[in-house]
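Here's a quick tour of a few spots worth a look in this model. Have the coordinates open and follow along.

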Amino acid sequence: MTEDAAGTHVGNQNVASDNAHVDQQIGVQYGDTVFHEATVYTVSEDDTAERKHDVALSYLTGGVPRRAENLFGALVFNGNPSTERAYYYVLSVLSERGFGDLAAAQATGIRDAGKVSESLPEDEWTRAHDVVRRLLDQVRSNSGDVSFTAVAAFGDLPAERQDEISRHLSLLVSGVVEQQLDAERKNKVGAERFSADRVGRAWKFFEPEPAAPARYRPQTFLPDLAERRPAVVGGIVAVLAFAGLFFGSLTFSFWGGLLLLVAGCSVLVRHGVEHAAQLLHAALRSNAPVPEDGQRRPTAIDNLVERCFREARPEEAENWPQFTAGYCAGLKRRFNAQFGYSTQPVRQIKWLVDWHARRVARQWQSAYFQGQSALAAPRGTRRWQALGFLVTVAGLALLLVALRWQVVPLVVGGWFALPTVVEVFGIRRAARFQLAEAEALLIEETAEYHRWRAELADRPMDGEMARWLALDKAHLKAEALRAGNIAEQDLVSHVVINQLAPFSRRGVVLHGPPRYTAYLVTVILLTRHGVRSSRVYLDFTTGEVKNENWQVFGYDRIASASFSVAEKTSKKRADRPVRNRHFRLRLLDGAEILSISERLDSVNDAEVDDAELEGLVAETSGMDAALPVLEAVAHQGRDWIEFETGRRKLWSSVWSD
């Protein structure tokens, strides 16, 4: 793996043990980014309280609780309080935080929000807020009676409130309380992961808004007459010789020869043009590859065409690259001419290239796509040309009988001029064929454009994507507990870290956190007896989980933890560096049992504000919550459990003050 060469890198490192060895290893991530111009995360100081509330709720639902905390806090404590806002403020404070992350300021804010809620008329938000406080009381008091009361009240809440509380208190509620809460919900989580037609809709989030197809006028190149001087001279000679035929006696043989000459030449030209036009059009339709300048670098459109045709390749098409080379060359010429200098992102025509690739894949066995013309020259064209030639010869013979020796220069001039005339008119007619086909193709493309837009009409909102991911993480944690045969009461704490999987695509709402088509999800369970770490590949668009690997080890086997940060200059904000973080955990035998990278790969995304995106990635990956816990485990070993219990008691005293 290599560092990104862009920008200046500054190495920073934290070492949790004298035995730690820190390397600058950064996991490479690949991905295309699709941007959505939704404004769910856009807010300004001049916006109304309702607008700020909506954006704050979007941030909380989207998995960015720190930004939600700031917005809800300003609303609750600066003159726009409500029971709903107080409830969501408390959730945003507690979300993605463990006891070690809750300082006195957060406890004070939670208490003050409770006082605000109590001063307002009771409603459903007050009851939900009260359940949160009861659950926190239970966690700090370890009273079984309070636990039963809190869980019973939790079960009386609407399903939406239960989901919110379970999701945002996941790092705080553990042990017996979590076991009882899970008993209320565990059977629903597995099914809700696929709710709202996730499999049929999630993939649409990563599809860009399509650009409408444009009319394409194929270029036609007429022969350069400067390079056809013999034809021009021959034409002039033929015209003068033809005019000279009328000087002399106008006998029957003259008129008969003239009539046959004109008729024969007309047939020759007409069917010659038809034949040339059909052959030229067939050659153009075959899309034979045109040799390109080896010095020309492939454009973004070239790469898009190559990728789409590679993905559409039928399994049985062993010669697919050679088979589609001509068609790809034609598309590259067309789309580079149409969109090469456009300011719109190339990804917006991906749907169109995909359609062409599927179209070729469906028809690749037909004669047309095997390189044969689907518009062959009409039968009899050659016969008509032969007949025209014979009639012309007969006419010339009669003119010679009438002593018209001008036929000699007429034949010589016509020999040079006639092929050029046929070529010029053949090219023009072939161009009309191409224009007609281009219009027919535009109709098909427009129909596909409207069909594709209708297909994307139910694209999921960012909040739905965040909810599915949260349910995935809850499901994976439950599966890790089940696979490890770990009882909830033995679980002291846990962390879940999600990373961009290699070669996955990225979707981003303006000012929102990135979503990925696939994740690498790491679940670390910290129990009273040891640590269980597991990693899986999550196909987010389908919810499929595969390639699990796990390790179990005792606290006394941990040798070191290392944390490294590489900084690079932001492309859009030079005053704010982008940090790429990497965490490692090693055992006494030197084995690296945990290696987690958090890195942006927005080098090719000119629209990305990578400094802003870095902060959003840090907030939503779970790494911010995981690092303090894992560092403490590496420092303190099994004693970490006692320190964690002490932190809870300390927080409990602050909470009670």
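Let's start with threonine 83, which counts as buried because its relative accessibility is 6% (buried means under 20% relative accessible area, exposed over 50%, partly exposed in between, with a 1.4 Å probe and protein chains only). A word on ground rules: this is a predicted model, where local features need pLDDT of at least 70, side-chain atom pairs count only at pLDDT 80 or more, and totals for chains, interfaces and linings use all residues. Residues are numbered from 1 along each chain as its sequence is written, and side-chain values use heavy atoms, with hydrogens and water left out.

Threonine 83 sits in helix α3, residues 83–94 (helices are DSSP runs of H or I with at least four residues, strands are E runs of at least two, both numbered from the N terminus). What does the side chain of threonine 83 make a polar contact with? The partner is the side chain of aspartate 123, at 2.7 Å. A polar contact here is a pair of N or O atoms within 3.5 Å; within protein, one must be able to donate a hydrogen and the other to accept it, and residues adjacent in sequence count only if both atoms are side-chain atoms. Leaving out residues up to four places away in sequence, threonine 83 touches Ser117, Leu120, Pro121, Asp123, Trp125 and Thr126 (contact means heavy atoms within 4.5 Å).

Next, the annotated spans. An unreviewed UniProt entry carries the annotation "transmembrane region" for residues 231–248 and 384–402; such annotations may be inferred rather than shown by experiment. Here is what the model has there:

| Span | Helix | Strand | End C-alpha atoms apart |
|---|---|---|---|
| Residues 231–248 | 78% | 0% | 28 Å |
| Residues 384–402 | 95% | 0% | 27 Å |

Phenylalanine 242 belongs to helix α10, residues 229–244, and is partly exposed, given its relative accessible area of 31%. Phe242 also helps make a nonpolar surface patch of about 460 Å², together with Phe246, Leu250, Trp255 and Val262.

Finally, two backbone oddities to check. Glutamate 96 has phi near 60 degrees, a positive value in a residue other than glycine. Glutamate 96 lies in the loop between α3 and α4 (104–118) and is partly exposed, with a relative accessible area of 28%. Phenylalanine 503 has a positive phi too, near 70 degrees. Phenylalanine 503 is in the loop between β3 (491–500) and β4 (506–509), and its 67% relative accessibility is why it counts as exposed.

Notes: Patches are made of residues with over 30% relative accessible area and no salt bridge: like charges are joined within 9 Å, nonpolar side chains (Val, Leu, Ile, Met, Phe, Trp, Tyr) within 5 Å. Accessible areas come from the Shrake-Rupley method with a 1.4 Å probe; for residues, only the protein chains shown count as cover. A salt bridge is a side-chain nitrogen of Lys or Arg within 4 Å of a carboxyl oxygen of Asp or Glu.
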